[in-house]
Amino acid sequence: SQYRRGVAVDVLAKRYCRTRTSIYRVISEVRARRLLAQPLDCMHHPSFDQRGVEREILGPYPESSEPRRRSRPPQGLPPYLAGLYEVPLLSREQEAYLFRKMNFLKYKASKSREGLDPKRAKSNLMDKIESLVEEALAVKNQIIRANLRLVVSIAKRHVGPMNSFFELVSDGNMSLIRAVEKFDYSRGNKF
């Protein structure tokens with residue numbers, strides 16, 4: 001943890017009376033254990049195991065066939081929530097592409113993680129796993145941003161004397177995040 005906070009390896013080696021190599025080994029082992037403990041749940045699809053499917057799944061983002069309409073935020077919405085209306089909604093094809101890509105990246109990361117041994121962790125393998133996880137997280141965040149408007153509109157309909165608008169939005173955001181993680185795009189439904 002000190003290394004992650006910016007303490008140099010030389011300083012750590014001197015502080016703990018260890019060699020630089022042993023410090024690097026400990027850092028690598030802790031990093032590998034952290035990667036192994038990280039949850040990587042994905043909605044598996046049989047096509048993920050096929051050869052040559054990676055180029056298709058990670059290919060270019062599909063453009064929407066519908067013209068992009070500029071949405072107006074509802075009256076009385078705070079400015080930071082009004083900014084949600086600048087993010088375009090996703091078409092069915094774009095949703096399917098993003099969900100498939102996110103789950104494929106998680107699948108690849110979990111497959112790569114199977115070959116990770118904390119005692120002999122290779123930094124290039126850990127870099128690859130971290131890169132896949134970060135890319136999957138970026139795709140997940142893109143899906144979430146595109147659907148935050150839905151949370152706001154539902155919260156506005158259910159606001160009442162017993163619950164505040166911001167509590168509903170907060171609860172809705174948590175539900176949206178869980179729903180994105182558990183959505184099975186392969187059934188052909190729109191999110």
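No disulfides turn up here: the count is 0, taking a disulfide as a pair of cysteine sulfur atoms within 2.5 Å. The model is a predicted one, so local features need pLDDT of at least 70 and side-chain atom pairs count only at pLDDT 80 or more, while totals for chains, interfaces and linings use all residues. Residues are numbered from 1 along each chain as its sequence is written, and side-chain values use heavy atoms, with hydrogens and water left out.

Two cysteines can be placed by their accessibility. For this, buried means under 20% relative accessible area, exposed means over 50%, and partly exposed lies in between (1.4 Å probe, protein chains only). Cysteine 17 comes out as exposed because its relative accessibility is 72%, and cysteine 42, at 22%, is partly exposed. Cysteine 17 sits in the loop between H1 and H2; helices here are DSSP runs (H or I, at least four residues), as strands are (E, at least two), numbered from the N terminus. Its phi is near 55°, a positive value in a residue other than glycine.

Lysine 14 belongs to helix H1, which covers residues 9-15. With a relative accessible area of 70%, lysine 14 is exposed. From lysine 14 to valine 169 it is 155 residues along the sequence and 50 Å in space, C-alpha to C-alpha.

Then there is leucine 98, housed in helix H5 (residues 92-113). Leucine 98 is buried, since its relative accessibility is just 2%. Leaving aside residues up to four places away in sequence, leucine 98 touches Tyr61, Leu90, Val139, Gln142 and Ile143, where contact means heavy atoms within 4.5 Å. The C-alpha atom of leucine 98 is separated by 11 Å from that of alanine 146, which is 48 residues away along the chain.

On to helix packing. Two packed helices are described by the angle between their axes and the distance between the axes. The axes are lines fitted to C-alpha atoms, for helices over the stretch in contact, and angles run from 0 to 180 degrees between N-to-C directions. H5 and H6 pack at about 160°, with 9 Å between their axes. That makes the pair roughly antiparallel (over 145 degrees; under 35 is roughly parallel, 65 to 115 roughly perpendicular and the rest oblique). The contact involves, among others, Leu98, Phe99 and Met102 of H5 and Val139, Gln142 and Ile143 of H6. Its residues split into 12 nonpolar, 2 polar and 7 charged, with Ala, Val, Leu, Ile, Met, Phe, Trp, Tyr, Cys and Pro counted as nonpolar, Asp, Glu, Lys and Arg as charged, and the others, Gly among them, as polar.

H6 (residues 123-158) also packs with H7 (residues 165-182), this time at about 140° and with axes 8 Å apart. These two helices are therefore oblique to each other. The residues that meet include Ile143, Asn147 and Val151 in H6 and Phe165, Val169 and Gly172 in H7. Here the division is 12 nonpolar, 4 polar and 3 charged.

Helix H2 (residues 20-37) is another partner of H6, with an angle of about 35° and axes 11 Å apart. Ser28, Arg31, Ala32, Arg34 and Leu35 in H2 meet Ser123, Met126, Asp127, Ile129 and Glu130 in H6. This contact divides into 4 nonpolar, 2 polar and 4 charged residues.
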